[in-house]
Amino acid sequence: MRPLRTFIIEPALPPKLKQLSEIAGNLWWSWHGDARDLFRRLDRQAWEDCYHNPVAILGQLGQDRLEKLAEDDGFISHMHRVHERLQRYLTHSGWWPKAFATKHTGPLVAYFCAEYGITETLPIYSGGLGVLAGDHMKSASELNVPLVGIGLLYQQGYFRQRLNADGWQLELFPRNDFANLPCQRVRTDDGAELTIDIDLADRVIEAYAWRVRIGRTDLYLLDTNVPSNSPEDRHITAQLYGGDQEMRIRQEIVLGVGGVRMLRAMGFCPKVYHMNEGHSAFLSLERIRFLMVEHQIDFRTAEEIVVSSNVFTTHTPVPAGNDAFEPWLIEKYMSQFAAQLGISPDEFLALGRQEAGNKDEPMCLTILAMRMARYRNGVSDLHGHISRNLWAGVWPGVPDDEIPIHHITNGIHTPSWISHELTALYDRYFGPDWSGSWTDTSTWEAADSIPDPELWRTHERRRESLVSFARRRLRRQLAKRGAGAAELATAQEVLDPEALTIGFARRFATYKRAGIILSDIPRLKKLLNNPEKPVQIIFSGKAHPRDNPGKDLIRQIVHISRQETFRRSVLFLEDYDINVARYLVQGVDVWLNTPLRPMEASGTSGMKVSANGGLNVSILDGWWAEAYRPDLGWAIGSGESYDDLEYQNRVESQALYDLLEKDIVPLFYRRGKDNLPREWIAMMKASIRDLGPAFSSNRMVHDYAKNFYAPAADQWNRLMADDLTLAKTLSAWRNELREHFGHIRVESVSDNMDSNGHGAQVGKTIRVEATVNIGQLSPDNILVELYFGSLDEDGQLNTGQAAEMTRIGNDTGPAKYVVDMPCPSSGRAGYTVRILPRHDALAHPIEMSMIRWA
């Protein structure tokens, strides 16, 4: 039945408890243990029942309980302490204002992502991408970077996982009750609900705007569940990564185009836009359209400004993982948009194609984001290398090592992921401000001063807590499936709180290879069931609803865990989320990671484990390829590549068993008279000391701010100054270059060696001279370089270095350029000559994808 009127009933808090609402409304509480303890004091069982949601618990408590708390001096004192700490945090200056004296009003940077994993309370995330975005927001708050987040508020979020009696994954989609979540509807100055108009194919839809406070940073979320929309359009923000290709393009238009319009509607004018993955790539086109209308400029001039101030982070190391839409779908949803930009449908599609003229190629949003951003990066050193190879076609003719894709390795928001007990230990030995010391390694060196018994006992308590949590969780799993009393009783017998505990938890995609450790059951049986050195494994994770091979792998693990041999030592915890992850990374001794290299772009779960003193055993992929040292953990293999996947699985599974049997298990159980594994503890300390600051999201956001955000904002200022004079000049220069660059050529190249290449010696130089026909272009507009280096086994010059050649002679006719090439080492070498565009406003000549080789 349709109600006549809808409204929200708010908790009737006694005046003495009003500060609770303020604390609950800011997700700052999610990474401050004292704040979480405050809400736990309200009602311990209700805190668990509402899944750690302070807004919900305040609405559920009876008035009698609230009145009693209002007269509890201990509780009031606790509340004032937390509130005062929150106020100090909100007013603290932070790193950014000290490093950059910006006068910009409002957020300077707009950070777009399709999902955010901030706390289990707000279920609008699916996995690693969302959790990383959540940690990015938290660290932006810690550093006081003037950044605002943009995303979608999903009515059902990602699915909740249930396993049936056979261990097969089922998906449930409970609806989020926004009224009882830590988010508030954005309203206009007159109190009306703010709605955003978004063009979608042949219609205009509306979206609400919601605000989530994350410390000093705000996250704004779009919600299309608006009564004026059709049922189909209200469903756009129903599920994260749900539906078909049409649903995906609708969601990504709402995120990208709608997100830019929402910022404008709220009066925000960010200078820098950061696309975290390609889902929000359409934002670039909306930014261009807006500039064209506001300043009455053409597409190319507006493009200059937008590209110079966009940042793009790619997280996907394989082409299939990137969103791409067929031309008919782009035509259906974006044809009017192309017309507003003043470009043809083919020109519009070419923005997202590697081959502009290939009319069968889909429009890839990753390529669109690459073309529309000056600042691009992968999320680990190895992933940066993989991305340069993967997207070389966007910059044809450019050597792989010069492809303009950099890397900023991911990090974790450490206070969100370490245990309450370990936080207290760090406070005691590192000092109270340790979490902000991401660049001061001396702070983290204090890990060596933590007494071994103290660190070990703290870790043992977390392992005991993990085992207790796993047993409770398993009992609930069994009860939901209708298990009998005898089977429920077995839940209290699983796992040993003193045994070496291995964790494997992540998305159950087949390339993650969760089954590697299960590939030799007799050997596994012997390993896990040694009464003197017991080992146990806890698995958790979700498979995508359409990933049947991933679901089958979960089913296999469940079946193995039910065998009598493994009933106490192998466990699968269903419905993996931030809460489950927190227990696991805080309590395991060893974190197992077995991706198919190089399919893991970064991975951050292992970072969370190391921050808690756990140790990693992993394939050398993602972050572990740059973090690994023998005193920090273990590497499975040496980063080899195989053509035969079955053979690779066999080799790497045996290598894992060898590590466990010969190194990991013996080291864990090598105890002194005090029963302490001193050598193991030494590795724990080294892991905390060296990996903690290096893989912090504070360091990560600092890198983005220093290397991308600040330069992008400066470039925006340059291009917008003086009625866009530089932007217009640069656009006209590019147009001229596009017209004439195809006519320039290298006519001849000579050097001072003999015809057989003799005369080159280590320590000496080779004089190289090139004659270049620059056509109608000015010499000031081109850069002539010698590209030289060692040859590979096939005689190819694939990796080299460039040296600028100097122009000599007259200004008329073909120009001559010379350079002295150094010979730093012996061996086979070679050179060639290339011509590139040159302009002071270019970040790098490569970025124009215009290069002419001799």
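This section walks through two kinked helices, a parallel strand arrangement, one buried histidine and an antiparallel sheet.

The model is a predicted one, so local features were taken only at pLDDT of at least 70 and side-chain atom pairs only at pLDDT 80 or more, while totals for chains, interfaces and linings use all residues. Numbering runs from 1 along each chain as its sequence is written, and side-chain values rest on heavy atoms, with hydrogens and water left out. Helices (H or I, at least four residues) and strands (E, at least two) are DSSP runs, numbered from the N terminus.

Helix H10 covers residues 245–265. Its 21 residues should span 30 Å at 1.5 Å a residue, and the end C-alpha atoms sit 29 Å apart, which agrees; the expected span is 1.5 Å times one less than the number of residues. Even so, H10 has a kink of about 35° centred on glycine 258, where the bend is the angle between axes fitted to the seven residues ending at a position and the seven starting there. H10 is mostly covered, with 18 of its 21 residues buried (under 20% relative accessible area; exposed is over 50% and partly exposed in between, with a 1.4 Å probe and protein chains only). At its start, a side-chain oxygen of aspartate 244 comes to within 3.2 Å of the backbone nitrogen of glutamate 246. Just past the helix, glycine 267 adopts a positive phi of about 85°.

Helix H27 (residues 645–668) has 24 residues and reaches 32 Å from first to last C-alpha, close to the expected 34 Å. The bend here is about 45°, at leucine 660. Leu660 is itself among the buried residues of H27, which also include Leu656, Tyr657 and Leu659. The start of H27 has its own side-chain-to-backbone approach: an oxygen of aspartate 644 lies within 3.1 Å of the backbone nitrogen of glutamate 646.

Turning to the strands, E13 (residues 375–378) points Tyr375 and Asn377 one way and Arg376 and Gly378 the other, and all are buried. Strand E10 (residues 310–313) runs parallel to E13 and is joined to it by three bridges; two strands count as paired if DSSP finds at least two bridges between them. Phenylalanine 312 has arginine 376 as its bridge partner. E13 also pairs with E14, again in the parallel sense, over two bridges, and asparagine 377 stands opposite histidine 406. With helix H16 (residues 381–390), E13 and E14 make a right-handed β-α-β unit, meaning that with the strands pointing away from the viewer the path from the first strand over the helix to the second runs clockwise.

Histidine 413 lies in the loop between E14 (406–407) and helix H17 (414–417). At 1% relative accessibility, histidine 413 counts as buried. Its side chain makes a polar contact of 2.7 Å with that of glutamate 142 (a pair of N or O atoms within 3.5 Å; within protein, one must be able to donate a hydrogen and the other to accept it, and residues adjacent in sequence count only if both atoms are side-chain atoms). Leaving aside neighbours within four places in sequence, its contacts (heavy atoms within 4.5 Å) include Trp31, Asp135 and Asn698.

Finally, four strands form an open antiparallel sheet in the order E24-E23-E27-E28. E24 (801–804) and E28 (852–853) stand at the edges with a single partner strand each, so one side of each lacks a neighbour in the sheet. E23 (residues 782–790) pairs with E24 over four bridges and with E27 (residues 829–837) over nine. Eight of the nine residues of E23 are buried, so this strand is largely enclosed by the rest of the structure.
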